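Thanks for coming. I will walk through a few charged side chains and one pair of strands, so please keep the view open while I talk.

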Amino acid sequence: MAEEKSQASSSKMLTLKASDGVLFEVELNIAKEMKTVQAYIDDCEDIETIPIPNVLGKHLAIVIEYIKKTNEEYDAEFEKQWNMDDLQLLLLAANYLNISGLQECLCKAIAKRIENKSPEYVRKVFNIENDHSPEEEAKLRKEYKWAFEGVDKD
Amino acid sequence: MACEEDEDRLSSLTDDILHQILSLTPTKDAVKTGVLSKRWYGLWRSCINIYFTNINLEDESSILNFNLFLSQIYYVHHFEYILFNRFYIDIQYSADPNDIISHSIPSLSQWIKYAAGARVKFLHLLLNYVHGNLHHLNSSPHLPSGVLRCKTLIVLKLRWFLVKSFPFTDKVDFPELKTLHLEDINFKTHSLFMLFLAGCPVLEDLKVANVFFLEDKTDEDDQVSASLNLSNLIRADITNCCFRFPIKTLFNLEFLRIQLSPQMYTPDDFPTFHKLTHLVINNISDLVLQMLHHCPKLQNLELYQKTQSESWDNREQGSWVVPKSAPKCLSSYLRRCTIRDFALQDLHQDIMLARYILNNAGLLQTMTIWSDKEKHEIEIELSSCPRASATCQISVS
């Protein structure tokens with residue numbers, strides 16, 4: 001939006017427009033953490049509003065807050081707050097916006113949630129349809145028998 | 001927006017993202033994803049990492065089953081030329097030590113040699129032995145020689161090993177190692193331990209807990225100790241090592257946790273810690289105030305008495321001696337002070353120490369006391385004490 005011409009470039013503001021129309025005014029150095037946005041700026045120098053067609057306003061807000069606050073402590077608490085649905089949408093957003101730190105944080109969070117769980121549980125949580133034939137599945141379970149022993153109660 | 005609650009979103013992520021998730025997942029769980037659906041059948045094969053946690057091996061047969069799985073993963077890993085960054089193994093044994101040494105260690109050793117060749121960067125080899133009252137350090141396995149061949153390591157964590165010599169080479173050489181954690185390690189000589197540290201020139205983070213020596217210290221050991229250079233070290237955590245660590249070499253630290261027994265250390269051992277802002281001392285004695293004189297920029301001080309084994313050093317009963325001069329950090333830098341196990345051995349001395357700090361710490365923001373005894377009396381004594389910092393908050397729990 002308004003360019004404060006007399007100030008250093010790090011406090012220049014930019015507007016991001018989420019897929020549902022919500023607008024976010026962010027500092028340039030925050031926006032640059034999103035490599036996708038950086039590329040946009042490189043291509044069109046005097047752009048004021050950048051459309052983010054794949055990300056809902058609610059998730060873009062979370063992403064921006066993450067960029068501002070990220071550190072070890074914040075990351076550890078960050079991933080606990082979201083349900084599986086949000087985690088996945090945030091991961092898609094981080095991937096689209098090309099923010100490697102956030103992407104790694106969310107991948108770790110999802111990895112933690114499938115740790116020590118049975119395949120049935122993982123299928124249920126992620127709504128994965130099992131299209132293996134019973135023979136195929138049995139073969140894999142037998143081949144790597146050790147992996148299928150002892151899991152958390154669902 | 002249409003409700004997308006029931007969509008299989010995870011599977012709609014690209015293969016690259018799923019690989020990233022699987023490479024952060026414990027090996028066991030990553031392999032299991034093969035049965036989720038056809039899409040997932042082969043995904044794990046190209047990104048499988050060595051990441052084993054919460055493994056319990058109770059007898060020979062469980063060790064052999066685990067070895068079989070390890071060799072299966074080896075073939076996948078080898079076949080797919082997977083890049084090798086992380087090698088994390090955390091195993092608890094309650095099997096017979098002979099079985100551990102003859103069946104489990106060789107299998108792990110082979111993997112470590114392979115990891116060394118594949119330029120692994122992060123290696124955690126954490127073993128543990130749980131079997132009644134048997135003193136487990138006596139049966140610890142030899143450190144696999146492959147570990148010393150992993151020259152590309154940035155992080156190395158080891159637990160429950162015996163180091164008798166450095167095979168194949170005379171020295172340890174980890175030119176890029178930044179983090180080293182050693183726990184439950186038995187070194188044959190003091191020199192071996194010093195040489196291990198000397199082989200890590202860019203080390204920034206050191207943790208040493210439960211390190212013992214088979215042989216007594218010699219003069220030669222003292223020489224090696226005196227020439228040790230750890231000037232890049234930023235964090236050090238040294239507990240339960242029954243020997244005098246050459247603290248003089250730690251002068252660049254920002255964080256230090258140390259067990260300061262008066263039997264082992266004297267103020268002559270302390271350098272000036274120019275950058276130390278956070279200090280945690282296990283053991284309350286006269287050495288605490290002496291140490292403070294050597295930490296001009298200290299902001300955060302923590303004291304506690306109990307150790308991991310819930311035991312504590314016996315303290316000399318004595319009377320409080322008012323120090324001649326207040327340590328500089330008290331007046332100009334100290335912001336937080338935490339004292340745990342307060343009044344564990346000597347209520348009066350601990351109160352005198354706390355009062356002394358309150359009297360002199362001009363910038364102190366919080367004084368936190370943790371105690372199992374006499375909370376009421378402690379509260380009265382401390383809140384009535386004149387404070388150098390008007391904004392200081394005291395809490396007793």
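Let me start at the surface of chain A, keeping in mind that this is a predicted model. Asp42(A), Asp43(A), Glu45(A), Asp46(A) and Glu48(A) together form a negative surface patch. Take one of these residues, Asp42(A): it sits in helix α2 of chain A, which covers residues 35-43. Is Asp42(A) buried or exposed? Its relative accessible area is 52%, and the cut-off for exposed is over 50%, so Asp42(A) counts as exposed.

Now to chain B, and to a strand. Strand β6 of chain B runs over residues 205-213, and seven of its nine residues are buried, so the rest of the structure largely encloses this strand. Its pairing with strand β5 of chain B, residues 179-187, is parallel and extends over eight bridges. For one position to look at, find Asn186(B), whose bridge partner in β6(B) is Phe212(B).

Next, salt bridges. In general, side chains of opposite charge can pair when their charged atoms come close. Over all chains, the count here is 21 salt bridges. I will show three of them.

The first on my list is between Glu136(A) and Lys38(B), with 3.1 Å between the closest N and O atoms. Glu136(A) belongs to helix α8 of chain A, residues 134-143, while Lys38(B) is in the loop between α3 and β1 of chain B, so this pair joins two chains. Glu136(A) is partly exposed at 33% relative accessibility, and Lys38(B) is partly exposed at 44%.

Then there is a salt bridge between Arg159(B) and Asp90(B), at 3.3 Å from N to O. This pair links distant parts of the chain, with Arg159(B) in strand β4 of chain B and Asp90(B) in strand β2 of chain B, 69 residues apart. Which of these partners is buried? Arg159(B) is, at 15% relative accessibility, whereas Asp90(B) is partly exposed at 25%.

The last pair is Glu381(B) with Arg355(B), where the closest N and O atoms are 3.4 Å apart. Glu381(B) lies in helix α12 of chain B and Arg355(B) in helix α11 of chain B, so the salt bridge ties together parts that are 26 residues apart in sequence. Glu381(B) is partly exposed, with a relative accessible area of 28%, and Arg355(B) is partly exposed at 24%.

To finish, go back to chain A. There, Glu120(A), Arg123(A), Glu137(A) and Arg141(A) are joined into one network by salt bridges that share partners.

Conventions:
Residues are numbered from 1 along each chain as its sequence is written. Chains are lettered from A and ligands numbered from 1 in the order in which they are written. This is a predicted model: local features need pLDDT of at least 70, side-chain atom pairs count only at pLDDT 80 or more; totals for chains, interfaces and linings use all residues. Side-chain values use heavy atoms; hydrogens and water are left out. Patches are made of residues with over 30% relative accessible area and no salt bridge: like charges are joined within 9 Å, nonpolar side chains (Val, Leu, Ile, Met, Phe, Trp, Tyr) within 5 Å. Accessible areas come from the Shrake-Rupley method with a 1.4 Å probe; for residues, only the protein chains shown count as cover. A salt bridge is a side-chain nitrogen of Lys or Arg within 4 Å of a carboxyl oxygen of Asp or Glu. Lys and Arg count as positive and Asp and Glu as negative; His and the chain ends are not counted. The place of a charge is taken as NZ of Lys, CZ of Arg, CG of Asp or CD of Glu. Helices (H or I, at least four residues) and strands (E, at least two) are DSSP runs, numbered from the N terminus. Buried means under 20% relative accessible area, exposed over 50%, partly exposed in between (1.4 Å probe, protein chains only). Two strands pair if DSSP finds at least two bridges between them.
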